[in-house]
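Please find below a short note on the structure under review. The points are numbered so that each may be checked in turn.

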Amino acid sequence: MPPIQQALLLKKKFGDLVLDKISIPTPGPGEIRVKILSSSLNPVDWKIQKHGIFLDEFPAILGSDIAGEVDELGPGVKEFDIRDRVFTQGLRSIEFAGFQQYALSRASNVSKIPPNVSFDGASSFPVALTAAYVGLYNRSPHGLEFTPPTSSSARGKYAGTPIVILGGASTVGQYTIQLAKVSGFSPIFTTASLKHTERLSALGATAVLDRNLPSSALAAAIVQRTQAPILTVYDAISTEDTQQTGLTLLAPGGRLAVVQQPTTTCREGRTIVQVIGGLGQPHNIALLSQFYHDVAYQFLEEGWLKPNNVEVLPDGLAGIPDGLRRLELDQVSGVKLVARPQET
Ligand SMILES: NC(=O)c1ccc[n+]([C@@H]2O[C@H](COP(=O)([O-])OP(=O)(O)OC[C@H]3O[C@@H](n4cnc5c(N)ncnc54)[C@H](OP(=O)(O)O)[C@@H]3O)[C@@H](O)[C@H]2O)c1
């Protein structure tokens with residue numbers, strides 16, 4: 001193995017992303033090294049670069065969605081073998097980030113990939129699936145406090161309970177729909193461009209409502225399909241407009257989960273929950289390690305969680321800056337952009 005690799009570096013706050021050569025990290029106790037075969041892009045990556053948020057040490061590497069093969073085991077790691085197919089969430093620390101050819105991960109944060117899922121597809125999971133899972137199942141004030149579907153008795157538990165998922169075609173939205181289905185919620189309402197109806201219905205949405213309808217029309221469409229009060233809205237987009245829509249749809253006593261900063265004042269008798277999906281957040285650690293370590297493999301293998309459709313970018317890591325611009329300009333619709341670092 002050559003001691004150096006290609007990486008996409010952010011050399012300073014607000015800087016450009018530039019390809020460079022850096023050394024390949026060595027895993028410490030409890031860590032593994034992953035040869036990254038697919039690394040997907042997230043809206044937060046362009047926000048960090050453009051707005052100078054979250055990172056203060058440079059050079060830095062962005063990228064939080066990693067899939068690849070285990071390439072080296074640190075001391076004490078027993079549950080993985082070299083060449084195991086895995087996915088994991090990258091961290092905002094240079095050796096643990098995704099936009100490079102090799103990265104480290106804590107073994108406890110890694111899931112194996114079943115044969116029915118590709119590396120590209122698996123790389124679409126970590127960040128968005130974490131946000132969906134934390135939002136639905138973490139305890140208040142971090143999530144909506146539903147029982148996680150980690151046992152067969154918990155699956156299907158919320159039959160007859162309606163849920164509204166705003167932005168179902170987003171990656172977070174697609175994973176929230178699928179988890180809601182496993183948990184039994186019904187009906188599952190979602191908003192999206194209607195071109196996504198077939199896909200989102202196949203994932204579990206009972207009704208796909210046009211994302212451009214005003215909230216009064218959305219409320220009317222919901223009332224036609226259920227008499228039960230809407231007590232849960234998961235806003236997978238969380239602009240000011242969608243947050244307002246979510247609050248409008250909620251019945252008294254209802255809760256709205258948002259994936260960005262709350263921008264509106266809560267209506268009386270309703271609660272807003274802000275989802276922070278980071279793997280390293282202390283309030284997420286127990287919930288997520290149980291999910292990723294113990295059950296995620298089964299969810300993928302059984303097809304309860306299907307990856308978003310992907311678009312593979314050209315030129316490996318070099319294709320990422322253009323992909324991030326497209327995300328920033330809202331030019332990505334119903335797919336996850338994926339880079340293959342080994343094709344750089
Ligand atoms: N808090 C956290 O931990 C966390 C984690 C992950 C992501 N996020 C945030 O969650 C948001 C979604 O991220 P993502 O990666 O899932 O995005 P994404 O996959 O890039 O989402 C793109 C999709 O969103 C749809 N969309 C955009 N605006 C919409 C609206 N007003 N109503 C309905 N659908 C809309 C688009 O629909 P069309 O196809 O109609 O264009 C497009 O299909 C981002 O703001 C991201 O920063 C937060």
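1. In this predicted model, a polar atom in the side chain of T191 lies 2.9 Å from the backbone nitrogen of G167. T191 itself belongs to strand 10, which spans residues 188-192.

2. Is T191 buried or exposed? Its relative accessibility is 9%. T191 therefore counts as buried, since the cut-off for that class is under 20%.

3. Setting aside residues up to four places away in sequence, T191 touches I165, L166, G167, G168, A169, L209, R211 and L218. G167 thus appears among these contacts, and R211 is also one of them.

4. R211 leads on to the ligand. An N or O atom in the side chain of R211 is 2.9 Å from an oxygen atom of the ligand. For Q260, an N or O atom of the side chain is 3.0 Å from a ligand oxygen. With V172 the partner is a polar backbone atom, 2.8 Å from an oxygen atom of the ligand. The ligand taken alone exposes 940 Å², of which the protein buries 84%.

5. Which elements give two or more residues to the shell around the ligand? They are helix 1 (43-51), helix 3 (126-137) and helix 4 (171-183).

6. The ligand is surrounded by 24 residues, and the closest are T171, S193, H196, G277 and S333. By character, the shell comprises twelve nonpolar, ten polar and two charged residues. Domain 1 (4-125 + 307-343) and domain 2 (128-274) each supply at least three residues to this shell.

How values were computed. Residues numbered from 1 in each chain as written. Predicted model: local features only at pLDDT ≥ 70, side-chain atom pairs only at ≥ 80, totals over all residues. Heavy atoms only, no water. Near = heavy atom within 4 Å. Polar contact = N/O pair within 3.5 Å; in protein donor to acceptor, adjacent residues only side chain to side chain. Areas by Shrake-Rupley, 256 points an atom, 1.4 Å probe, with all protein chains shown as cover. Helix = DSSP H or I, 4+ residues; strand = E, 2+ residues; numbered from the N terminus. Nonpolar A, V, L, I, M, F, W, Y, C, P; charged D, E, K, R; others polar. Domains from an automatic or database assignment. Buried < 20%, exposed > 50% of the residue type's maximum accessible area, 1.4 Å probe, protein only. Contact = heavy atoms within 4.5 Å.
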